[in-house]
Amino acid sequence: MPRKNVKVEASQKSASKEALPKKKLKNPIVLQNPRGMKDILPGDQGYWTQVRRVLESSYQKYGFQRIDIPVLEYANLFSRSIGEDTDIMDKEVYSFKTKGGDEVALRPEFTAGIARSYIQHGMNVLPKPVKLFSIGQAYRYDRPQEGRYREFWQANFDIFGEEDSILDAEVMQLAYRVLGNLKLKDIQFQVNSIGCTDCRKSYLSLLVSYFKSKNKKLCKDCKRRLGTNPLRILDCKEDKCIQVSSGAPQTVDHLCEDCHEHFKSLLEYLDELEIPYSINPSLVRGLDYYSRTVFEIWSLAEGKRLSLGGGGRYDKLIENLGGEPTPSIGFGLGLDRIVMEMKRTNAKQYEAPKPRIFLAQLGKLAKRKSLKLFADLEKNGILVAESFGRGGLKSQLRTANKLGVDITLIVGQKEALDETVIVKNMVSGTQETVAKEKLLPLIKKIMKSKLVVLKYNNK
RNA sequence: GCGACUAUAGUUCAAUGGUAGAACACUGGUUUGUGGUACCAGGUACGAGGGUCCGAUUCCCUCUAGUCGCCCCA
């Protein structure tokens with residue numbers, strides 16, 4: 001969608017109407033969002049509320065507790081956990097120095113911060129597993145596109161303290177349920193196991209010697225990766241690298257006995273749960289802290305492939321950050337993309353309750369009394385729409401009509417003096433004058449009846 | 001970080017080297033205190049800066065933002 005720059009000159013309003021030479025401001029306010037940042041406008045909130053509601057009920061049903069952590073962390077928390085030689089750390093992290101000289105960064109994902117909090121607050125003493133849910137913004141300095149923003153929303157689930165692969169399956173089932181409850185279809189999991197640190201050692205040496213033998217066919221990034229992070233070559237999207245990778249030894253074939261068993265049982269759980277998945281040997285993910293299970297959640301609707309989320313097991317992360325050994329697993333969901341998919345498929349939105357009554361007022365005295373009447377109705381749980389700022393009855397009724405209310409209450413000068421209210425049926429157009437004390441029972445009675453269906457102005 | 005395209009009212013779109021129109025939306029009116037339709041009226045825009053030109057929204061450059069592809073991922 002096209003955007004525009006709008007500059008507001010502070011002096012503009014006071015400037016006379018005579019043609020003045022345009023003043024150039026030194027520091028004009030640019031009414032435009034910074035790159036990759038977007039507003040979630042009221043018109044879209046129905047989708048977002050729906051997502052939040054589904055998440056809210058899901059995390060509770062699966063025994064998670066909510067945690068909120070800061071958007072800002074010390075930068076080395078991320079470099080230590082995510083890995084120095086990853087794209088995220090390389091070019092996507094928003095980091096800067098504070099006035100006090102601290103190196104800080106906006107979180108590019110949640111798990112690092114949550115792991116920090118877990119250790120810092122001694123959650124290791126809690127009964128295991130510790131299940132934590134979080135939702136909020138994360139930041140990556142990247143080229144924006146639809147569904148990819150520099151500020152984006154994630155929901156994050158982490159489970160600490162259990163090694164069993166049933167937790168891996170549980171977490172995937174949870175993700176699948178959430179997306180299912182949001183009515184998203186064509187969801188498929190991509191699954192892989194990259195092994196533990198032990199079996200990865202021998203695998204890596206195999207992999208390196210393989211890639212060294214094909215060194216000349218790799219792209220320049222991958223030649224570098226060969227020395228720094230050979231696993232990531234498998235993830236490269238360059239045609240020639242894909243070709244080389246296709247003949248490379250696969251992690252799945254070189255897992256140690258424990259890891260093999262772990263992966264095998266995970267797949268059995270997934271089969272049992274009838275969760276659609278596909279084993280993807282080239283899936284290694286962009287964060288170094290993963291071990292064993294890694295997965296991504298793809299939407300395959302309309303032949304397109306869109307990643308809605310991903311996660312995996314990070315058995316060594318807590319230990320690496322200074323905690324006690326704590327096998328863990330987690331995943332994140334990209335909410336912007338989920339909303340995008342919901343819009344595309346016309347998925348259900350949350351609908352706020354709509355008022356069925358409009359309160360119109362005419363004249364000073366009535367206006368004064370109307371606000372009180374509004375409060376009396378609101379106290380009784382009756383939702384009332386109004387446009388108190390307007391004087392004309394015509395425009396108020398027009399508004400009432402647009403809102404599609406069933407009843408309009410009219411209080412004019414006469415009614416205000418008589419302590420009465422006109423109750424106008426917006427469907428039939430008929431109206432009657434009611435004494436104030438009889439108003440509430442009458443409205444309650446009307447609210448209970450579901451007869452009002454046929455709208456007068458139903459197009 | 002690399003490449004391509006785009007940028008006009010709140011929205012969706014026009015036109016034009018001599019400063020811009022429509023539709024929808026919005027506000028008000030078509031007699032005094034009554035909404036669906038109709039009619040009338042009104043306001044708001046050339047993303048920013050620089051250059052070429054007598055003159056640029058229109059041509060050129062830079063910047064900014066958006067969209068798409070790559071990279072990466074959410």
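Select Gln-190 first: Gln-190 stands opposite Glu-296, a residue of strand 11. This is a predicted model. Keep that in mind at every stop.

**Stop 1: strands 9 and 11**

Now widen the selection to residues 187-193, which form strand 9, and residues 291-299, which form strand 11. The two strands run antiparallel, and seven bridges join them. Pick out Ser-193 next. Its bridge partner in strand 11 is Thr-293.

Is strand 11 mostly covered or mostly open? Colour its residues and look around them. Strand 11 is mostly covered, with nine of its nine residues buried.

**Stop 2: on to strand 12**

Add residues 306-313, which make up strand 12. Strand 11 pairs with strand 12 in the antiparallel sense, over seven bridges. Click on Ile-297 and find its bridge partner, Gly-309, in strand 12.

Then follow the chain through the hairpin of strand 11 and strand 12. Six residues lie between the strands. Stop at Glu-302, which takes a positive phi near 55 degrees.

**Stop 3: the whole sheet**

Show every strand of this sheet. It is an open sheet of eight strands with mixed pairing. Read across it in the order 3-7-8-13-12-11-9-10.

Which strands stand at the edges? Select residues 65-66 for strand 3 and residues 277-279 for strand 10. Each has a single partner strand, so one side of each is left without a neighbour in the sheet.

**Stop 4: the nonpolar cores**

Leave the sheet and select Val-171 and Ala-175. These are the residues with the most contacts inside the largest nonpolar core, which has 82 residues. Helix 5, residues 165-181, gives the most to this core, with nine residues. In soluble globular proteins, nonpolar side chains tend to be buried together.

Centre the view on Val-171. Set aside its neighbours within four places in sequence. Val-171 is then in contact with Phe-157, Ile-159, Gly-311, Ile-329 and Phe-331.

Now move to a second, separate core, which has 18 residues. Among them are Ala-400, Ile-407, Leu-409 and Ile-443.

**Stop 5: two packed helices**

Select residues 75-82 for helix 2 and residues 111-120 for helix 4. Their axes are 9 Å apart, and the helices pack at an angle of about 105 degrees. An angle of 65 to 115 degrees counts as roughly perpendicular, and helix 2 and helix 4 are therefore roughly perpendicular to each other.

Which residues make the contact? On helix 2, show Leu-77, Phe-78, Ser-81 and Ile-82. On helix 4, show Ala-112, Ala-115 and Arg-116.

**Stop 6: Phe-374**

Go to helix 12, residues 364-379, and find Phe-374 there. Is Phe-374 buried or partly exposed? A residue needs 20 or more C-beta neighbours within 10 Å to be buried. Phe-374 has 19 inside 10 Å, so it counts as partly exposed.

Phe-374 touches Leu-359, Val-384 and Glu-386, not counting residues up to four places away in sequence. Put a distance label between the C-alpha atoms of Phe-374 and Val-384. They are separated by 6.9 Å, with the two residues 10 apart along the chain.

**Last stop: zoom out**

Show all of chain A. It has 15 helices and 18 strands. Its radius of gyration is 30 Å, well over the 23 Å that the globule rule gives for 459 residues, so chain A is more spread out than a compact globule. Turn the C-alpha trace along its principal axes, where it spans about 95 × 65 × 45 Å.

Finish by colouring the buried residues. They make up 35% of the 459 residues in chain A.

How values were computed: Residues numbered from 1 in each chain as written. Chains lettered and ligands numbered in written order. Predicted model: local features only at pLDDT ≥ 70, side-chain atom pairs only at ≥ 80, totals over all residues. Core = buried A, V, L, I, M, F, W, Y, C linked by C-beta atoms within 7 Å. Buried ≥ 20, exposed ≤ 12 C-beta atoms within 10 Å, placed from the backbone. Helix = DSSP H or I, 4+ residues; strand = E, 2+ residues; numbered from the N terminus. Contact = placed C-beta atoms within 7 Å. Rg over C-alpha atoms; globule rule 2.2 N^0.38 Å. Pairing = 2+ DSSP bridges. Axes fitted to C-alpha atoms, helices over the stretch in contact; angles between N-to-C directions. Parallel < 35°, antiparallel > 145°, perpendicular 65-115°, else oblique.
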